[in-house]
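Visitor: I would like a close look at one part of this model. Please start from a single spot and work outward.

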Number of protein chains: 2
Amino acid sequence: MADERDIFFMREALRLADAAEAAGEVPVGCVIVYGGEIIARGRNAREEERHALCHAEIAAIDAACRARGGWRLSGCTLYVTLEPCPMCSGAILNARIDRVVYGAKDPSMGALGSVLNMCSYPLGRRPEVVSGVLADECSARLRRFFASRRRTEG
Amino acid sequence: MADERDIFFMREALRLADAAEAAGEVPVGCVIVYGGEIIARGRNAREEERHALCHAEIAAIDAACRARGGWRLSGCTLYVTLEPCPMCSGAILNARIDRVVYGAKDPSMGALGSVLNMCSYPLGRRPEVVSGVLADECSARLRRFFASRRRTEG
């Protein structure tokens, strides 16, 4: 279940989604929290970095591993504005993140419940997953971004 | 189907697995081939780098995106000694890699046929997958590594 802290940290992830949008990227933002504090932030940067791995969650997991000095992020909660794709869901499992809170569902690539549910497979310790936190605000940004892109391209 | 070129490139991936083992890592190696040439190499470095993302495939995809100057690796074949995990399988999809050739199956984390089959879901364009190339040599390295670690730990 989501609580007030979850909404607080999702608002920070939304600020990172806004930063992605300002840079011309699909607006997705992510923060990782440990001991009640944000230890890592990430935002989508795939076009800027010209790089397949530059999703918000990967950037945040990268930063969190550096902050914690190791590859095990147990005790951490990851907040992300859009449901993680298979790559990011797999990275969350590999990093042993305990809890994932996401906003909008992703019907085309979502791997924590939409297209598939990674947590339904026996892949070691799987995180608790909470979805739909500030979902309207998260998906409104995505809709706005794709609508403006269609106008530009059309 | 595998052919002689596949065996040639898998031997190069095995050399990278050996390099990982020499560094005390689980022996997994990977190369990415475009236009008949190796454009990127990677090996497992999770313990050294203290980093959840440092699988061989991620290192190679990272290098290949830099080599190609973009996030789309269509036209590429990825060779890896061990069946990709969910994170790496997802990265392969995100990078639009056309073909994956792997050696040994991974019954605990394999996401291209063993624990799950990522290619069975409607996740955009999915690669052709060939498994079992030099599988005995690939898995022998893994068995030797874990046996020696058990001896050290026991």
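Which residue of β4(B) stands opposite B:Leu78?

Guide: B:Val100 does; B:Leu78 stands opposite this residue of β4(B). The model is a predicted one. The two strands around this spot are β3 of chain B, residues 76–82, and β4 of chain B, residues 99–104. They pair in the parallel sense, over 5 bridges. A helix packs on the sheet too: α3 of chain B, residues 56–68. Helix α3 touches β1 (29–34), β2 and β3 of chain B. Its direction makes about 140° with that of β2(B).

Now widen the view to the whole sheet of chain B. Five strands appear in the order β2-β1-β3-β4-β5. The sheet is open, and its pairing is mixed. At the edges stand β2 (37–43) and β5 (128–131) of chain B. Each has a single partner strand, so one side of each lacks a neighbour in the sheet. On average, neighbouring strands are turned by 15° against each other, direction ignored.

Turn to chain A. Its open sheet of 5 strands reads β2-β1-β3-β4-β5, again with mixed pairing. Here β2 (37–43) and β5 (128–131) of chain A hold the edges. A single partner strand serves each, so each has one side without a neighbour in the sheet. The twist averages 15° from one strand to the next.

Take the two edges of chain A in turn. At one, β5(A) runs parallel to β4 of chain A (residues 99–104), and 4 bridges join them. Within that pairing, A:Val101 has A:Val130 of β5(A) as its bridge partner. At the other, β1 of chain A (residues 29–34) pairs with β2(A) in the antiparallel sense, over 6 bridges. A:Gly29 is bridged to A:Arg43 in β2(A). The hairpin of β1(A) and β2(A) has 2 residues between the strands. In this hairpin, A:Gly35 takes a positive phi near 60°.

Strand β2(A) also leads to a charged pair. Side chains of opposite charge can pair when their charged atoms come close. A:Arg41 forms a salt bridge with A:Glu12, and their closest N and O atoms are 3.3 Å apart. This pair links distant parts of the chain, 29 residues apart. A:Arg41 lies in strand β2 of chain A, and A:Glu12 in helix α1, residues 4–22. Over all chains, the whole structure has 20 salt bridges.

Last, the interface. The count of salt bridges between chain A and chain B is 0. Polar contact across the interface comes to 1 residue pair, with both residues at pLDDT 80 or more. On the side of chain A that touches chain B, α2 (46–49), α3 (56–68) and α4 (86–94) of chain A each supply at least two residues. The residues of that side divide into 18 nonpolar, 7 polar and 5 charged.

How much area is involved? The size of an interface is often given as the accessible area lost when the parts come together. Chain A and chain B bury about 2700 Å² between them. Carbon and sulfur atoms hold 67% of this. Three residues, A:Trp71, A:Asn94 and A:Leu123, supply 22% of the area that chain A buries against chain B. No other three residues supply more. In terms of contacts, 30 residues of chain A meet 30 residues of chain B.

Methods
Residues are numbered from 1 along each chain as its sequence is written. Chains are lettered from A and ligands numbered from 1 in the order in which they are written. This is a predicted model: local features need pLDDT of at least 70, side-chain atom pairs count only at pLDDT 80 or more; totals for chains, interfaces and linings use all residues. Side-chain values use heavy atoms; hydrogens and water are left out. Contact means heavy atoms within 4.5 Å. Buried area is the accessible area (1.4 Å probe) that two parts lose on being put together, summed over both. A salt bridge is a side-chain nitrogen of Lys or Arg within 4 Å of a carboxyl oxygen of Asp or Glu. A polar contact is a pair of N or O atoms within 3.5 Å; within protein, one must be able to donate a hydrogen and the other to accept it, and residues adjacent in sequence count only if both atoms are side-chain atoms. Ala, Val, Leu, Ile, Met, Phe, Trp, Tyr, Cys and Pro count as nonpolar, Asp, Glu, Lys and Arg as charged, and the others, Gly among them, as polar. Two strands pair if DSSP finds at least two bridges between them. Axes are lines fitted to C-alpha atoms, for helices over the stretch in contact, and angles run from 0 to 180 degrees between N-to-C directions.
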